[in-house]
Amino acid sequence: MSILERGPGTPVTIGGVRGGPQTPTSRRDLWWVQPVVVVLGLTAFVADGLWAALRQPANYYANPLLSPYYSPCIVSNCKYVYGPIIPSWWTYPALAVLIFPLTFRLTCYYYRKSYYRAFWWAPPACAVADARPKYTGESRFPLIFQNIHRYAWYFALIFAVILSWDAITAFRFPHGVGMSIGSLILLANAVFIWLYTISCHSCRHLCGGNLNVFSKAPVRRWLWKRISPLNEHHMLFAWMSLVWIAWTDFYIWLVAAGFIPDVHLLGAH
Amino acid sequence: MADATTEEVRAAPTGQARQEGDGAARAEAPARPSPRARPEVTSGREVTLLVWRGDASGGSFVEYRVPYEEGEVILDVIHRLAATQAPDLAVRWNCKAGKCGSCSAEVNGRPVLQCMTRMSLFDPREPITVAPMKTFPIVKDLVTDVSFNYEVASRIPPFSPGPPDPDGKRRMAQTDVDRIQEFRECIECFLCQDVCHVIRDHEENKRLFAGPRFMVRLAELEMHPLDNLDRRPLIRGEFGVVMCNITKCCTEVCPAGIHITDNAIIPLKERVVDSYFDPIAWLGRKITRRPRRTPVTRPWSAEAAS
């Protein structure tokens, strides 16, 4: 053994002979299933997102339904313009806004866990050896940028408000207020996005987690106590919102391209 | 099975033969079978155990056939093995109730407390492997040297309350300490340290990362309403919270059910972000002139304190 008294870190005793088999893992259960499912799920989502953002014709708007991938639409020739910030020569309106929700999900504590396990294999599963001999965690470039998660969360809040507005306008048809299958799909999309956004670990911290004395901040304590149970289901909300946003876009594409009608349920058309 | 190849598995010696052939091991053996371990079994059930036998000079799995009763746990069977076939088997245990954290081991490759792992979880037709914790140096058989953890613990600045109230007492509201009660559930079994890939797979990182158990300890102190030290420089630096990539294995294996990642490590990461990566939070502190706790930049040591 050697005692390292110099260099960074804690001068603790390291080394020594370890017992047990010198194999990557002794687990005999199906530990590889979870990483495989995550790889398939996230890869499918990325492929779907790329298809949605790059497809021509885009078919992202079927009055009054706007695809969440294209919201807020900030290119001047959009079919449903929030603000003409980008001139009309920009061909891919979705690419102008997707960077914000993408950053939020990429730096999310749950997604970090899932892609570190499934793609990096650091580790692929508990008590299964890392794939790489070196490991520096999130201490260096580029992973040190995971610390911007709370800023991504600020933007995610804005997007949750915008998608809520889209859900409300999905009930406003040319001849008055009504309801279709598409309206309900967009409403569910907004609910799932809100659940995912407010169950975020950074949200929990900013709302009250950074306090040591709750008794002097009853409002923040109240918020923290409400967000904490949601935070326990952050993974569930992450997947629900991810799958639903892809489904919402696909449904609107089907309607906008004329493959299916948006079945009307109630009220004006 | 990956770890029990034909070359690795030795035939079980008789208890007597092994005693005679391994004097040093016999001297270290815990001649203390459980008072509850009953060598006689009437159920007729038997299981094949592959138990890691060896020390720093080498080791391998040894195969044993051991009877067991319905409702027993792995530790019961290990005790029966020690009582009937392998009296020199070294296994650390104490309470047999999941409270002392002594009997940590890796059963079928998963870090568990032997006393809390029921035999009914396993297919009796399949052999069960029992190995020592991988992250720590082996002493003998299932016993490891966990002194790394005590070295890290000694470096953490202890609880440092501010001055008491005028009547000499210190007061805090229950609502302020509810959150840190969870962290007091830790039994120091070190399963979280064992499963943490940062130190399990990268020995050199033991200098750079204190491990999940001590993130829990640091969170307990950092969130304490009466503590007066700001340990964030240490949490980021010496104790290395930035090394954790939150893959949550520590939470998965914790027998006390502590949400180590969600309630200790991630809040500590967020507090580090408050201090080092958030200019808005910095500006807020400047504007409000919020009273600051005393920042600690050097680890605590008993010599310095005395």
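## Notebook: chains A and B

**Entry 1. A hairpin in chain B.** I began with strands E1(B) and E2(B), which form a hairpin with two residues between them. The model I am reading is a predicted one. Strand E1 covers residues 45–55 of chain B and strand E2 covers residues 58–68; I found them paired in the antiparallel sense over 11 bridges. I then looked up one position, B:Thr48, and noted that its bridge partner in E2(B) is B:Arg65.

**Entry 2. Chain B as a whole.** I next recorded the general make-up of the chain. Its secondary structure comes to 13 helices and nine strands. Chain B has 306 residues, of which 55% are buried. I also looked at how far apart in sequence the contacting residues lie. Among contacts in chain B with a separation of 6 or more, 68% are between residues 24 or more positions apart. For the surface, I noted an exposed area of about 13,400 Å², with 51% of it supplied by carbon and sulfur atoms.

**Entry 3. The nonpolar cores.** Which residues touch the most other members of the largest nonpolar core? I found them to be B:Leu49, B:Ile78, B:Ile128 and B:Met215, in a core of 82 residues. This core lies between domain 1 (15–144) and domain 2 (147–305) of chain B, because both give residues to it. I also noted a second, separate core of 46 residues, with A:Val38, A:Tyr60, A:Leu98 and A:Ala118 among its members. As background, I recall that nonpolar side chains tend to be buried together in soluble globular proteins.

I followed B:Ile128 further, setting aside its neighbours within four places in sequence. Its contacts include B:Val47, B:Thr48, B:Leu49 and B:Leu50. B:Thr48 is thus met again, having been noted above as the partner of B:Arg65. Other contacts of B:Ile128 include B:Ile74, B:Val107, B:Asn108, B:Met119 and B:Phe122, and A:Arg28 from chain A is also on the list.

**Entry 4. The disulfides.** How many disulfides does a search of the whole structure find? I counted two over all chains.

One joins A:Cys73 to A:Cys78, with an S to S distance of 1.8 Å. The torsion about this S-S bond is about -55°, so I entered the disulfide as left-handed. I checked both ends for burial: A:Cys73 has 0% relative accessibility and counts as buried, and A:Cys78 is buried with a relative accessible area of 9%.

The other is formed by A:Cys126 and B:Cys249, whose sulfur atoms are 2.2 Å apart. This disulfide is left-handed because its S-S torsion is about -90°. The pair crosses between chains. I placed A:Cys126 in the loop between helix H4 (109–120) and helix H5 (149–169) of chain A, and B:Cys249 in helix H10 (residues 249–253) of chain B. Both ends are again on the buried side: A:Cys126 has a relative accessible area of 6%, and B:Cys249 counts as buried at 4% relative accessibility.

**Entry 5. Cysteines outside the disulfides.** I looked up two further cysteines. A:Cys200 is in no disulfide, and the nearest cysteine sulfur, that of A:Cys203, is 6.1 Å away. At 0% relative accessibility, A:Cys200 counts as buried. B:Cys103 is likewise in no disulfide; its nearest cysteine sulfur belongs to B:Cys115, 3.6 Å away. I wished to know why that pair is not listed: a disulfide requires sulfur atoms within 2.5 Å. B:Cys103 is buried, with a relative accessible area of 3%.

Key
Residues numbered from 1 in each chain as written. Chains lettered and ligands numbered in written order. Predicted model: local features only at pLDDT ≥ 70, side-chain atom pairs only at ≥ 80, totals over all residues. Heavy atoms only, no water. Core = buried A, V, L, I, M, F, W, Y, C linked by side-chain atoms within 4.5 Å. Buried < 20%, exposed > 50% of the residue type's maximum accessible area, 1.4 Å probe, protein only. Domains from an automatic or database assignment. Contact = heavy atoms within 4.5 Å. Helix = DSSP H or I, 4+ residues; strand = E, 2+ residues; numbered from the N terminus. Areas by Shrake-Rupley, 256 points an atom, 1.4 Å probe, with all protein chains shown as cover. Pairing = 2+ DSSP bridges.
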